[in-house]
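Colleague: I'm new to reading protein models, so please take me slowly through the empty space in this one. A close look at that part, then its surroundings, would help me a lot.

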Amino acid sequence: MDAQGLDWLLVPLHQLVSWGAAAAMVFGGVVPYIPQYRDIRRTQNAEGFSTYVCLVLLVANILRILFWFGRHFESPLLWQSIVMIVTMLLMLKLCTEVRVSNELNVKRRFFTDFDPRHFWHWSSFADYLQCVLAFTGVAGYVTYLSLDSALFVETLGFLAVLTEAMLGVPQLYRNHRHQSTEGMSIKMVLMWTSGDTFKTAYFLLNGAPLQFSVCGLLQVLVDLAILAQVYAFARQPPKPTPHTVHPASAKAL
């Protein structure tokens with residue numbers, strides 16, 4: 001009788017925990033970008049955030065969705081990709097609007113110029129959207145033609161998670177190049193680290209494809225490297241600010 005009563009309590013509790021974990025997987029990945037989004041809107045300055053982070057996540061999650069057609073994985077991971085794509089498009093829209101509003105007498109650049117020197121530095125959000133749609137169309141067509149190949153499907157899955165594992169690399173490189181983390185939301189990086197740790201544990205415990213677990217561990221290492229930059233650059237003396245530059249037009253070098 002006691003065992004039956006305990007089962008009556010544990011079964012719905014286990015179901016509730018499962019739903020909570022699934023919801024955390026779907027929406028937890030976008031939470032780190034909320035403080036960064038708010039900071040950019042408040043300061044009207046997007047220089048501290050690398051839009052290549054958006055590029056990496058868009059490519060990774062588009063490839064992950066295409067991988068799902070060749071090898072179905074858990075639905076929360078699929079919905080996580082859809083939610084992340086929408087979030088990255090919103091981040092791109094804000095960053096582009098802020099950057100263009102701060103630029104004076106700069107020649108407008110378009111995706112249809114097909115100029116590799118200005119790739120991912122266009123003057124309108126519509127150009128980024130065209131690029132994303134073009135990539136999705138080409139990648140989707142190639143995937144449709146190659147779904148019967150197990151090697152292609154597994155390679156596609158590996159590329160998807162490997163690209164996502166490189167998420168922090170653009171921010172890591174930007175911080176190294178500027179020798180500063182100014183303008184970057186430390187809350188965002190802390191949430192990256194905690195979220196990637198939870199995500200990797202979720203992969204391991206739920207038997208996700210091996211590619212997911214390996215690249216999740218790599219992602220945690222990159223997050224820790226960025227946090228190490230925060231600590232290292234905070235110990236450096238602040239750089240002198242030139243008095244000849246007007247604050248309204250100052251840019252991160």
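Modeller: Happily! The structure holds one cavity of 30 Å³ or more (a cavity is a set of points, on a 1 Å grid over the protein atoms alone, where a 1.4 Å probe fits but cannot get out). The space in this largest cavity comes to about 30 Å³, a volume being the space filled by probe spheres set on the points, which are joined across faces, edges and corners. This is a predicted model, in which local features need pLDDT of at least 70 and side-chain atom pairs count only at pLDDT 80 or more, while totals for chains, interfaces and linings use all residues. Residues are numbered from 1 along each chain as its sequence is written, and side-chain values use heavy atoms, with hydrogens and water left out.

Now for the walls. The largest cavity is lined by Arg64, Val161, Glu164, Lys199, Phe203, Phe212, Cys215, Gly216 and Gln219, where lining residues have an atom within 4 Å of a point. Helices H6, H8 and H9 each give two or more residues to this lining (helices are DSSP runs of H or I with at least four residues, strands are E runs with at least two, and both are numbered from the N terminus). H9 supplies the largest share, four residues. By class, the lining has four nonpolar, two polar and three charged residues; Ala, Val, Leu, Ile, Met, Phe, Trp, Tyr, Cys and Pro count as nonpolar, Asp, Glu, Lys and Arg as charged, and the others, Gly among them, as polar.

Helix H8 also contains Thr193. Thr193 counts as buried because its relative accessibility is 11% (buried is under 20% relative accessible area, exposed over 50%, partly exposed in between, with a 1.4 Å probe and protein chains only). Beyond its neighbours within four places in sequence, Thr193 is in contact with Asp223, Leu224 and Leu227, contact being heavy atoms within 4.5 Å.

There is open space to look at too. The second largest pocket holds about 500 Å³ (a pocket is an open set of points with protein on both sides within 12 Å along at least five of seven lines). Its lining has 20 residues, and Glu47, Phe49, Thr51, His121 and Arg177 lie nearest the centre. H4 and helix H7 (169-178) are the elements that give two or more residues to this lining, and H7 gives the most, with five. Ten of the lining residues are nonpolar, four polar and six charged.

Phe49 turns up again in the largest nonpolar core: among its 55 residues, Tyr33, Phe49 and Trp120 touch the most other members. Such a core is a set of buried Ala, Val, Leu, Ile, Met, Phe, Trp, Tyr and Cys residues joined through side-chain atoms within 4.5 Å. H4 brings the largest share, twelve residues. Setting aside neighbours within four places in sequence, the contacts of Trp120 include Thr51, Leu55, Leu92 and Tyr128.

Stepping back, the protein chain has nine helices and zero strands, and 40% of its 253 residues count as buried. Its mean pLDDT is 82, with 88% of residues at 70 or more (pLDDT is the predictor's confidence in each residue, from 0 to 100). Confidence is lowest in H1, at a mean of 69, and highest in H5, at 95. Over residues 241-253, pLDDT stays under 50.
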